[in-house]
Amino acid sequence: MSSILDDQLRLMALKQYGLIKSIKTPDISKADLILILKNTENETIKQLAAEKILKETNIYDLYKADLELILKNTENETIKQLATEKIQYLNAHPRLGWAGSLARANRLGSFHSESTKD
């Protein structure tokens, strides 16, 4: 419940600042961009948010679900093509996907536990 309220408050703050202005802010988070993408009907705003997610988010930080959300929420063929290419890339390189993320996290955790032993 608190996460829904947090999202609503963040969206209200983004709207008050201006969605386009927020999207153009260099340090806007991927979470905020996805929130905007999910909660606007304006195609121009959806396109700007999707484009920024695709172009400025490292492929290692994108999830297939994020890319599928972009495909579902935009009409722009160029953006759809880019999202599809990134999905194909993630599918061709499963180590970059969800299982790979878990493996990397577990590996980093084991390094941390080894380095903290006395």
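In this predicted model, Glu56 and Lys52 sit four residues apart in helix α4, about one turn of the helix, and their side chains meet in a salt bridge with an N to O distance of 3.7 Å. The two ends of that pair look quite unlike in terms of burial: Glu56 has a relative accessible area of 54%, so it counts as exposed, whereas Lys52 comes in at 11% and is therefore buried, the cut-off being under 20%. Elsewhere, Asp7, Arg10 and Asp32 are tied into one network by salt bridges that share partners. The whole structure holds six salt bridges.

Helix α4 hosts further pairs of this kind. Glu51 forms a salt bridge with Lys55, with the closest N and O atoms 3.3 Å apart. These two are four residues apart in α4, so about one helical turn separates them. Glu51 is partly exposed at 28% relative accessibility, and Lys55, at 58%, is exposed. Then there is Lys46, which bridges to Glu43 with its closest N and O atoms 3.9 Å apart. Here the spacing is three residues within α4, which again means about one helical turn. Lys46 is buried, with a relative accessible area of 8%, while Glu43 is partly exposed at 35%. The spacing fits helix geometry: an α-helix has 3.6 residues a turn, so residues three or four places apart point the same way.

As for α4 itself, its 14 residues reach 20 Å from the first C-alpha to the last, close to the 20 Å expected at 1.5 Å a residue. The N-terminal end of the helix is capped by Asn42, which places a side-chain oxygen 2.8 Å from the backbone nitrogen of Thr44. On the buried side of the ledger, α4 contributes Ile45, Lys46, Ala49, Ala50, Lys52, Ile53 and Leu54. The cover over these residues includes α2, α3, α5 and α6.

One of those buried residues, Ile53, leads straight into the nonpolar core. The largest such core has 24 residues, and Ile53 is among the members that touch the most others, along with Ile36, Leu67 and Ile70. Six helices each supply at least two residues of this core, namely α1 (2-17), α2 (19-24), α3 (30-38), α4 (43-56), α5 (64-73) and α6 (77-92). Setting aside residues up to four places away in sequence, Ile53 touches Leu33, Ile34, Leu37, Leu62 and Ile70.

The loops on either side of α5 offer a nice contrast in burial. Thr74, in the loop between α5 and α6, has a relative accessibility of 1%, so it counts as buried. A polar atom of the Thr74 side chain lies 3.3 Å from the backbone nitrogen of Asn76. Beyond its neighbours within four places in sequence, Thr74 is in contact with Glu43, Gln47, Ile79 and Lys80. Glu43 thus turns up both in the contacts of Thr74 and in the salt bridge with Lys46.

Asp61, by comparison, lies in the loop between α4 and α5 and is partly exposed, because its relative accessibility is 46%. Its contacts, again leaving out neighbours within four places in sequence, are Lys30 and Asp66. Lys30 is 31 residues away from Asp61 along the chain, yet the two C-alpha atoms are separated by 9.2 Å.

Back at the start of the chain, α1 also keeps to standard helix geometry. Its 16 residues should span 22 Å at 1.5 Å a residue, and the end C-alpha atoms are indeed 22 Å apart. Just after α1 comes Gly18, with a positive phi of about 115°.

Zooming out, the fold is helical, with seven helices and zero strands, running α-α-α-α-α-α-α from the N terminus. Of the 118 residues, 32% are buried. Among contacts between residues at least 6 apart in sequence, 50% join residues at least 24 apart. The accessible surface comes to about 8000 Å², and carbon and sulfur atoms account for 55% of that.

Conventions
Residues numbered from 1 in each chain as written. Predicted model: local features only at pLDDT ≥ 70, side-chain atom pairs only at ≥ 80, totals over all residues. Heavy atoms only, no water. Buried < 20%, exposed > 50% of the residue type's maximum accessible area, 1.4 Å probe, protein only. Contact = heavy atoms within 4.5 Å. Areas by Shrake-Rupley, 256 points an atom, 1.4 Å probe, with all protein chains shown as cover. Core = buried A, V, L, I, M, F, W, Y, C linked by side-chain atoms within 4.5 Å. Polar contact = N/O pair within 3.5 Å; in protein donor to acceptor, adjacent residues only side chain to side chain. Expected span 1.5 Å × (residues − 1). Salt bridge = Lys/Arg side-chain N within 4 Å of Asp/Glu carboxyl O.
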